[in-house]
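I sat down with this one to go through domains, chain contacts, one helix and the core. My notes follow in the order I looked things up.

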Amino acid sequence: MNDHLTKKLKLKVSAINNGTVIDHIPSDNLFKVISILGLQKMKTQITFGANFESEKLGSKAIIKLSDVFFEDDEINKISLIARNAKLNIIRDYKVVEKRVVEVPDKVIGIVKCFNPKCITNNEEITTYFTVISKNPLDLKCKYCEKITHEHQMVIK
Amino acid sequence: MKKRDLISITDYSKEDYLRILELAADFEKNPNQRLLEGKVVASLFFEPSTRTRLSFETAINRLGGRIIGFSDAGSSSVSKGETLHDTTRMVSNYADLIVMRHPLEGSARYAAEVADVPVINAGDGANQHPTQTLLDMYSILKTQGTLDNINIFMIGDLKYGRTVHSLLMAMTEFENPIFNFIAPEELAMPEEYKLFLKEKGIRYFEHTEITDNINHADIIYMTRVQKERFMDPIEYEKVKNVYILRNQMLKNTKPNMRILHPLPRINEIHPDVDTNEKAYYFEQARNAVYTRQAIIAHILNLK
């Protein structure tokens, strides 16, 4: 059996005709990715899979979305919790494009400010950060001006 | 036209600083100028502050403006659970300008987004207090005749002290400043500020003791070690009495040297310094009124 076929058989999740496959999501963050992209509200056919073996991540998750294509701005939001995520754009059952996610320059409304005395943690306010370092991630809050470091990051 | 707020000292350029300092000098010469006649200023103090509130209200009175507001959150509808958003929206309908002090960090930036009228940050928690920085700069300019080539010694709590951080940022806009930091390790100047100075090629020196090193100073900026900034009360007890400036230490300091302190002081400047002509902190507090008149005039384009 050739390698390609083995891989296909191992995939266990049905192929899609047109749409996007998001691969290499850390399994633990699958539901956060779903929430950030608002997939729970989508009406198209979606397949999720978690706890697949992955050489890079140990355990990875996959999302397959029929007839959904993301703008860069939208998909880059998940880069905060799925740094190595890869997108396969599918048309007519074939991968026509591969993309990686990139950390954006601004992070709006996804991350909580680590500072308990920040106004955003005390009133209903959309958080807003400027990314001052991408690796490791350092986010500067527009309001309290404090820096939330990667290890302090909590997704809202 | 986009409204002009003052939230963080770094929102302003060197030109803004110089314009405000020029106006402050003008108000010092002639404090009663009725430029705010017919205008209403909201003074919203969600936490008590004697000096800042009184000097702002004096500034507004001297400009002929009317004041509405409250001096602690207990006497406002905040005690009924009203959000900052709603209080600000409501007050923004009544007043031409909002002066705000709030215990939460970032509250002023948020209020400025919500309000249709300009907002002046009179302190948002441990974050920013830009009007203090401008009056510190005015005091340096008045006593030294320039803001260039100043050797500033910052002493005390350099970790949590927001006034030293803002003053540091502002002074780097001028020619050739030198910074000397004297603090215990627990309260040392944070790395991010030292890195900022390094990147700008500005000289700074760190010490852990007050010695004759202060003989090089043009300005000594003393700060209070604030109990409320410490998570651990034992840490506070360890450092609270470490740096006390006494008259005898000033013997060989430069003739032009002046001592600043944002006040209130507890014990970090011994009362025997008060009669020394180099003690400038009470005059500094008087400069607060002129500087705040200048800031209001700048923001509302009154002059």
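**Domains of chain B**

I started with how the domains meet: 6 residues of domain 1 of chain B are in contact with 7 residues of domain 2 of chain B. By class, I get 3 nonpolar, 2 polar and 1 charged residues on the domain 1 side of that contact. Note to self: this is a predicted model.

Then I checked the bounds. The domain assignment puts domain 1 of chain B at 31-128 and domain 2 at 131-285. Taken over C-alpha atoms, I have their centres 28 Å apart.

**Chain B against chain A**

Next I looked up the contact between the chains. I count 12 residues from chain B and 13 residues from chain A in it. Which helices of chain B each supply at least two residues of its side? I find α3 (84-94) and α4 (107-114). The largest share comes from α4(B), with 3 residues. Sorting the chain B side by class, I get 3 nonpolar, 7 polar and 2 charged residues.

**Helix α5(B)**

I moved on to α5 of chain B, residues 130-144. I wanted its span: the 15 residues reach 21 Å from first C-alpha to last, close to the 21 Å expected at 1.5 Å a residue.

Is α5(B) largely enclosed or left open? I have 12 of its 15 residues as buried, so the helix is largely enclosed by the rest of the structure. I listed the buried ones: B:P130, B:T131, B:Q132, B:T133, B:L134, B:L135, B:D136, B:M137, B:Y138, B:S139, B:I140 and B:L141.

What covers them? In chain B, I noted helices α1 (14-29), α6 (162-171) and α9 (281-299) among the covering elements. The cover also includes strands β4 (119-124), β8 (219-222) and β9 (258-260).

Past the end of the helix, I looked at B:G145, which follows α5(B) and has a positive phi, near 75 degrees.

**The core**

Last, I went to the largest nonpolar core, which has 118 residues. Which of its residues touch the most other members? I wrote down B:I98, B:V99, B:F153, B:I220 and B:Y221. The helix α9(B) gives this core its largest share, 7 residues; I had already met α9 of chain B in the cover of α5(B).

I followed up on B:I98. Leaving aside neighbours within four places in sequence, I find B:I98 in contact with B:A42, B:L44, B:V91, B:S92, B:A111, B:A115, B:V117 and B:V119. As background, I jotted down that nonpolar side chains tend to be buried together in soluble globular proteins.

Notes
Residues are numbered from 1 along each chain as its sequence is written. Chains are lettered from A and ligands numbered from 1 in the order in which they are written. This is a predicted model: local features need pLDDT of at least 70, side-chain atom pairs count only at pLDDT 80 or more; totals for chains, interfaces and linings use all residues. Domain bounds come from an automatic or database domain assignment. Two residues are in contact if their C-beta atoms, placed from the backbone, lie within 7 Å. Ala, Val, Leu, Ile, Met, Phe, Trp, Tyr, Cys and Pro count as nonpolar, Asp, Glu, Lys and Arg as charged, and the others, Gly among them, as polar. Helices (H or I, at least four residues) and strands (E, at least two) are DSSP runs, numbered from the N terminus. The expected span of a helix is 1.5 Å times one less than its number of residues. A residue is buried if 20 or more other C-beta atoms lie within 10 Å of its own, exposed if 12 or fewer, and partly exposed in between; C-beta atoms are placed from the backbone. A nonpolar core is a set of buried Ala, Val, Leu, Ile, Met, Phe, Trp, Tyr and Cys residues joined through C-beta atoms within 7 Å.
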